[in-house]
Amino acid sequence: MIPLMHPALVRTQAFINGDWYSAVSQKTFAVNNPATGELIAQVADLSSLDAQHAIESAAIAQPVWAQKTAKERSILLRRWFDLVMENQADLAQILTAEQGKPIAESMAEIAYGASYIEWFAEQAKRINGDIIPPSRSNQRISVLQQPVGVVATITPWNFPNAMLARKLAPALAAGCTVVAKPAAETPFSALALAQLAQQAGIPAGVINIVTSSDAPAIGAEFTGHPAVRKISFTGSTAVGKLLIQQCAADVKRITLELGGNAPFIVFDDADIDAAVAGAMVAKFRNAGQTCVCANRFYVQRSIYNAFSAKLSAAMQELCVGNGVNEQVSVGPLISAAAIQKVQQLVDDAIAKGAVVSCQIPVNIEKGYFYPPTLLTNVSVDSDLLEAEIFGPVAALIPFDTEADVIAQANCSVYGLAAYCYTRDYQRIQRLTEELQTGMLGINTGLISNEMAPFGGIKQSGWGREGSIYGLDDYLNIKYINESF
Ligand code: NAP
């Protein structure tokens, strides 16, 4: 049971065409609390047939939604933002119950997700066309921006509110309607968001939530259905590649927010205390389960021991436990499989020479907890320097020169986020030019906000979310050449 001011915010049915919807098969799947392993509730387990119904509802609603004026859509989005913030505490409780993150982080995620709704409520009114000077005097060249149509979204469990809000808000602002599949581990945040959207007056069929334990079947329906004009996916690079293949058949547009392998570079001229504070945020937020998590710490050799000692000291302040307790700063991982994967990466690093310099003990019998761990002396051929750790494990590698560390940082198939700590202005200019990344934090460990374009290069994905660029993925450009 989740203690809420408005218990009706917890829904166990899917949401299609403005109605709560059970699977035709009447099947359900269990959703458990990762901090306790206990059942939260059984949730409707939709099939591809049910997903078709959701797509058809979104297709009927789309032209009506697009015909609303930009201002009307903006007002409804703004109302939705207000309702989300009014229910922030309840939504945070739901998020912590299904995902495990500390309640303060859940409160922050709700505000973060809502900030995209607010931002795109404003941007909805600024989807302008263009008039271009023609090559002949009896011509007019104009450009219209039109909604792509029905958008299908697939989102992960690590930010079950914000990853969905970051897609729904620009899609709706542009005049698209949405069928959304949340991760099976975390459906409740998505269902609560949809309920508040309905309460805000967003019409039936504009947002549809397809809960299912069969992601491949729903993904195949979304990518294969001709009424879906665009896919927006956040998740692993492996699934992203599969979806690209599936979209190829119909040349369906796709936006991909995929995995990362962020380097966190500390130069010897850095403010070490600030770097440690940044490292704590970039590494241990959400128990290390964020796509922009610092995955590899490169520390210049002359300050390596000092940085390691201070990071180890800061880690002593971490409190691992059930995120509902306010003193907890590190919650559980999402599943037993996640613990196993992190342990494999740590074992591999140790076998290749890494030393466990610090490990915060966890004395909890239930739930999927992993002790925050600091590894030093990490060998450059360790698997965890190539794979996403997705757990509270910091791996430290010493480096000697700027050129060396840039080469090592760029030696990854991913290019999502990178962090650097230095006080040398000219070096900052060089790093800005040379690091292969979609996002770069200089002297900060926290980079996401709704005003900035979030996204990656290389195998970290295609497209950007948030910012003035965030609407582009939901709009078609139509050029008109008018002779008179
Ligand atoms: P995942 O396995 O790729 O799952 C993500 C979503 O895809 C879930 O809804 C999942 O459903 C669904 N899915 C799984 N297999 C599918 C298939 N064959 N067809 C269609 N959908 C499928 O990723 P994850 O491990 O849950 O999430 C962590 C990953 O997300 C990390 O790589 C992280 O870096 C990335 N991420 C990236 C960003 C970004 O903005 N770049 C943000 C957050 C996370 P089920 O869960 O129901 O199986």
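The overall dimensions come first. For 484 residues, a compact globule would be expected to have a radius of gyration near 23 Å; this protein has 23 Å, so the value agrees with that expectation. I should state at once that we are looking at a predicted model. The C-alpha trace extends over about 70 × 65 × 40 Å along the principal axes.

Let me turn to the interior and the surface. Of the 484 residues, 57% are buried. Among contacts with a separation of 6 or more, 74% are made by residues 24 or more positions apart. The protein exposes an accessible surface of about 19100 Å², and carbon and sulfur atoms contribute 53% of that area. As for charge, there are 34 positive and 44 negative charges, and the mean positions of these two sets lie 7 Å apart.

The secondary structure consists of 13 helices and 22 strands. I would like to examine one of these elements, strand E12, which covers residues 262-266. How many of the five residues of E12 are buried? The count is five of five, and the strand is accordingly described as mostly covered. Considered face by face, one side of E12 carries Ala262, Phe264 and Val266, while the other carries Pro263 and Ile265; all of these are buried, and both faces are thus covered.

Which strand is joined to E12, and in what direction does it run? The partner is E13, residues 294-300; the two strands run parallel and are joined by five bridges. Within this pairing, Ala262 of E12 has Ala294 of E13 as its bridge partner.

Methods. Residues numbered from 1 in each chain as written. Predicted model: local features only at pLDDT ≥ 70, side-chain atom pairs only at ≥ 80, totals over all residues. Heavy atoms only, no water. Helix = DSSP H or I, 4+ residues; strand = E, 2+ residues; numbered from the N terminus. Rg over C-alpha atoms; globule rule 2.2 N^0.38 Å. Buried < 20%, exposed > 50% of the residue type's maximum accessible area, 1.4 Å probe, protein only. Contact = heavy atoms within 4.5 Å. Areas by Shrake-Rupley, 256 points an atom, 1.4 Å probe, with all protein chains shown as cover. Lys, Arg positive; Asp, Glu negative; His and termini not counted. Charge placed at Lys NZ, Arg CZ, Asp CG, Glu CD. Pairing = 2+ DSSP bridges.
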